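Visitor: Could you take me through one part of this model slowly, beginning with a place where two helices meet and then moving on to the loops and the backbone?

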Amino acid sequence: MTGVRPDINAQSRDADLYARAERILRDNDRGGYTVPTKGLYPFQWNWDSCLTALGQRHFDEARAWTEIETLLAHQWADGMVPHIVFHEIDEGYFPGPGVWQCGGATPTSGITQPPVMGFVLQRLYAEARDQAAARTRALALVPKADAWHHWFYAHRDPRGSGLVAILHPWESGRDNSVDWDAALMRVPADGVAPYRRRDTEHVDAAERPTQAEYDRYLWLVQHFRGLGWNSAELHDASPFRVVDPGFNAILVRSDSALAELAEAIGLGDIAARARARVSRARAAFPALWNEDAGQYVCLDRVTGEQIDSRSIGGLLPAFAGLGDMDRLADTIAARRGHVAFGVPSHDPADVRFEKRRYWRGPVWLIVNQMLADGLRRHGRVEAADAIVADSMALIRRSGFAEYYDPTDGGALGGPHFTWTAAMVMELLVGKRG
Ligand code: GLC
């Protein structure tokens, strides 16, 4: 049954939007996990699932916890939480388990994704209607999230810089961003086994990565597979090692949230460990600031240089209240000022901006939500409200798309999209601030 929350006026436009969002979450529910969208993404994705739980909790709190429990049931022994869990066989997706070859009764991919989990768990717990159930479930999940965070600093920051590297563009969650171009083109493309892409059978090729990029994505997968997916070896052996401010900011926010949650449920040791990680990361963040850009930028850990690319990843530190929030708010406002609907995933003033190609210009509601949340939490209420207004305008205009053209608000990518629906629920009924 699709219900309407009592706190939304049943006759309002919002009630209709809420009901449509709930319908999407239910349609894409495969029982214990939710697919991002039918066809294009037929399995469980890591950060999609966590953000999906934020929506599910509004109509079924128990189901929201289950979403994360299912993901964590496939955590690796070393602590890594994979970016995809292949619950079913589906030939419509490439690269599938046969390419990854990571083993396991239920196969997974061998790389990870932005760790929004800690942030989500804390919110599920703090705002739970059923506090006793939330406590029981959190007690089982918090140590696992802590093990994942520990894995990041052990294996993705082996020299102890305080910041972790991603080893594949897909780990960033912003798969095709301009941020990766230079580092990715240094990755060889020779020796990649012949393959057939499936993404461009679902979505217009103009909205997806190029062939040259895809070859290199696969080269990296083959390379890591050749190393037996041994986390202790991958970092130094990878020709692609990038420190992404967005990814690190998400880790910082999630670690702070984990500390708060762990404290609340009596896991003081975990809280202390998480706080120590946060302090080290915060102290290291200034190395990513770029004064000319007025934002953070990526650091190429292979060359030791900052990467010249002004993407949304460098604005996401606002989610964790890192650095000069006024400067970040100004830069976000300037980006919005260039387009009809914010916040574009890349600076529209850059020649590499592409309004339709994914992560090179379009708007994602999940990113908008994180930016708005961070800005509001740190007192930039007007800036947060402006982003929320853009988000609602996009939904009203183009429905629940994977992403949107920032110039005309058109729907792009896959339709009937799960995390977009979850974010709409957060916007309509989630607590602000
Ligand atoms: C794309 C996005 C990634 C997301 C996945 C499923 O690959 O870049 O962030 O997790 O789709 O929605």
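Guide: In this predicted model, helix H14, which covers residues 365–377, and helix H16, which covers residues 418–429, have axes that come within 9 Å and cross at roughly 35°. Those two values are quoted together since two packed helices are described by the angle between their axes and the distance between the axes. The crossing of H14 past H16 is left-handed. On the H14 side the contact is made by Leu365, Ile366 and Gln369, while H16 contributes Trp419, Thr420, Met423, Val424, Glu426 and Leu427. Sorted by class, the residues in this contact are six nonpolar, two polar and one charged.

If we now step back along the chain from H14, we come to the loop between helix H13 (325–337) and H14, where valine 343 is found. The peptide bond that leads from glycine 342 to valine 343 is cis, with omega near 5°. Tryptophan 359 also has its place in the loop between H13 and H14, and its phi is positive, at about 70°, although this residue is not a glycine. Both details are worth a pause, because most residues other than glycine have a negative phi, and most peptide bonds are trans. Tryptophan 359 has a relative accessible area of 2%, and so it counts as buried, the cut-off being under 20%.

A comparable pair of details can be followed elsewhere in the chain. Phenylalanine 94 and proline 95 are joined by a cis peptide bond whose omega is about -5°, and proline 95 lies in the loop between strand E2 (84–85) and helix H4 (97–100). Tryptophan 229, in turn, has a positive phi near 55° without being a glycine, and it sits in the loop between helix H9 (211–226) and helix H10 (231–237). Because its relative accessibility is 7%, tryptophan 229 is counted as buried.

The helix that comes before that loop, H9, has 16 residues and reaches 22 Å from its first C-alpha to its last, which is close to the 22 Å expected at 1.5 Å a residue. Its buried residues are Glu213, Tyr214, Arg216, Tyr217, Leu218, Trp219, Leu220, Val221 and Phe224. Among the elements that cover these buried residues are H4, helix H7 (181–185), helix H8 (199–202) and H10. Just after H9 comes glycine 228, which takes a positive phi of about 65°.

Terms used: Residues are numbered from 1 along each chain as its sequence is written. This is a predicted model: local features need pLDDT of at least 70, side-chain atom pairs count only at pLDDT 80 or more; totals for chains, interfaces and linings use all residues. Side-chain values use heavy atoms; hydrogens and water are left out. Axes are lines fitted to C-alpha atoms, for helices over the stretch in contact, and angles run from 0 to 180 degrees between N-to-C directions. Helices (H or I, at least four residues) and strands (E, at least two) are DSSP runs, numbered from the N terminus. A crossing is left-handed if the near helix is turned anticlockwise from the far one by less than a right angle, and right-handed if clockwise. Contact means heavy atoms within 4.5 Å. Ala, Val, Leu, Ile, Met, Phe, Trp, Tyr, Cys and Pro count as nonpolar, Asp, Glu, Lys and Arg as charged, and the others, Gly among them, as polar. Buried means under 20% relative accessible area, exposed over 50%, partly exposed in between (1.4 Å probe, protein chains only). The expected span of a helix is 1.5 Å times one less than its number of residues.
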